[in-house]
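Reader: I have a model open on my screen and would like to understand the labels people put on it. Could you walk me through them?

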Amino acid sequence: MSLVVENLSHTYHPGTPLETQALQRVSFRLEPGQWVSLVGHTGSGKSTLAQHLNALIPPQSGKVSVDGLDTQSAPKILREIRRKVGLVFQFPEQQLFAESLEEELAFGPRNWGFPPEEVRERVLRALASVGLPVSLLETSPLNLSGGQKRRVAIASVIASGPDYLVLDEPTAGLDARGVEELLHLLGTLQSRGVGICYITHDLELALSRSERILVLQEGKTLSWGTPEEIVQELQSREMEGLVLPPILELAHHLRDRGRSVPLTWDWNRLA
Ligand code: ADP
């Protein structure tokens with residue numbers, strides 16, 4: 001059981017003047033209950049990769065499989081893959097559409113064919129898991145605060161019961177409290193066995209949270225490994241533009257998680 005990407009390549013508009021190679025032979029793996037971060041500059045291929053993970057884009061070359069189901073399959077299999085892999089786009093609240101929270105959260109479970117009692121149960125569970133009260137069920141999502149809308153958008157994905165959750169910069173635009181709440185929620189889901197694929201340009205967050213990190217650069221794998229391995233890599237490679245935390249803070253994060261980090265960092269690299 002895992003989400004596996006093998007030698008995935010993708011070119012937009014092949015054979016035209018607009019041709020852009022977005023991914024080149026990228027591989028990584030996400031296990032249930034694991035947190036993997038995808039980091040890299042804007043344009044490094046993170047979103048293109050994310051869209052492959054729930055079969056929105058079929059592989060042109062290479063392979064993506066979810067618990068053994070290939071994303072290049074018949075529609076019935078693709079439907080199962082899309083239930084298994086929940087995708088939370090950037091600013092997901094912009095996609096809220098229903099007249100009430102209840103309708104918004106029920107849409108996914110109904111679409112997957114769950115019976116009405118289970119739909120209701122899933123709606124209530126998803127609402128509780130993002131810390132919103134039942135009294136809001138009849139409210140229009142449009143009447144909520146920005147942070148609440150974000151939580152509703154994520155709850156609407158959680159309501160379908162995904163085994164893997166792929167989130168593209170989910171904390172963008174949230175205040176410090178909103179960020180903390182969201183990270184706490186993702187930690188809870190992870191502890192229940194959901195695999196988290198977290199797309200960010202914040203390397204510090206990735207280093208402190210992830211079991212493994214994939215660093216993309218111009219569509220290619222720059223590094224893939226544990227936070228310690230990535231730190232080792234960072235010492236020998238240029239990572240211009242990424243958020244580079246001071247090494248002691250980094251060491252502190254890692255030590256909190258029972259890890260050690262080599263303290264031979266070249267401070268000049270942080271300038
Ligand atoms: P990231 O999420 O890391 O910012 P993207 O996956 O969005 O990276 O983009 C990777 C490359 O593919 C970039 O060069 C980008 O301009 C290009 N690209 C992304 N989406 C499209 C598209 N729909 N059509 C053409 N080119 C695209």
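Author: Gladly! A residue is called buried if 20 or more other C-beta atoms lie within 10 Å of its own, exposed if 12 or fewer, and partly exposed in between. Keep in mind that this is a predicted model.

Reader: Why is glutamate 218 called partly exposed?

Author: Glutamate 218 has 14 C-beta neighbours inside 10 Å. That count falls between the limits of 12 and 20, so the label is partly exposed. You will find glutamate 218 in the loop between β9 (212–217) and β10 (220–225).

Reader: And why is arginine 25 called partly exposed?

Author: The reasoning is alike: 13 other C-beta atoms lie within 10 Å of arginine 25, so it is partly exposed. Arginine 25 lies in strand β2.

Reader: What makes the phi of arginine 25 worth a remark?

Author: Most residues other than glycine have a negative phi. Arginine 25 is not a glycine, yet its phi is positive, about 45°. Glutamate 218 also has a positive phi of about 45° without being a glycine.

Reader: How do you know that strands β1 and β4 pair?

Author: Pairing needs at least two bridges between the strands. Strand β1 (residues 3–12) and strand β4 (residues 61–66) are joined by 5 bridges, so they pair, and they run antiparallel. Glutamate 6 stands opposite lysine 63 in β4.

Reader: What makes β2 and β5 edge strands?

Author: The open sheet has 4 strands in the order β2-β1-β4-β5, with antiparallel pairing. Each of β2 and β5 (69–70) pairs on one side only. Helix α1 lies across β1, β2 and β4, at about 55° to β2.

Reader: Which element gives the largest share of the shell around the ligand?

Author: That is α1, with 3 residues. Both β2 (20–30) and α1 (46–53) supply at least two residues of the shell. Among the residues surrounding the ligand are Tyr12, His13, Lys46 and Thr48.

Reader: What makes 9 of the shell residues polar?

Author: Glycine is classed as polar here, and Gly40, Gly43 and Gly45 are among the residues around the ligand. The full division is 2 nonpolar, 9 polar and 1 charged.

Reader: How do you know that leucine 165 is in contact with Val194?

Author: Contact means C-beta atoms within 7 Å. Leaving aside neighbours within four places in sequence, the contacts of leucine 165 include Val194, Gly86 and Ile196. In the largest nonpolar core, of 55 residues, Leu165, Val166 and Cys197 touch the most other members. Helix α5 (residues 146–158) gives the largest share of this core, 6 residues.

Terms used. Residues are numbered from 1 along each chain as its sequence is written. This is a predicted model: local features need pLDDT of at least 70, side-chain atom pairs count only at pLDDT 80 or more; totals for chains, interfaces and linings use all residues. A residue is near a molecule or strand if its C-beta atom, placed from the backbone, lies within 6 Å of it. Two residues are in contact if their C-beta atoms, placed from the backbone, lie within 7 Å. Axes are lines fitted to C-alpha atoms, for helices over the stretch in contact, and angles run from 0 to 180 degrees between N-to-C directions. A nonpolar core is a set of buried Ala, Val, Leu, Ile, Met, Phe, Trp, Tyr and Cys residues joined through C-beta atoms within 7 Å.
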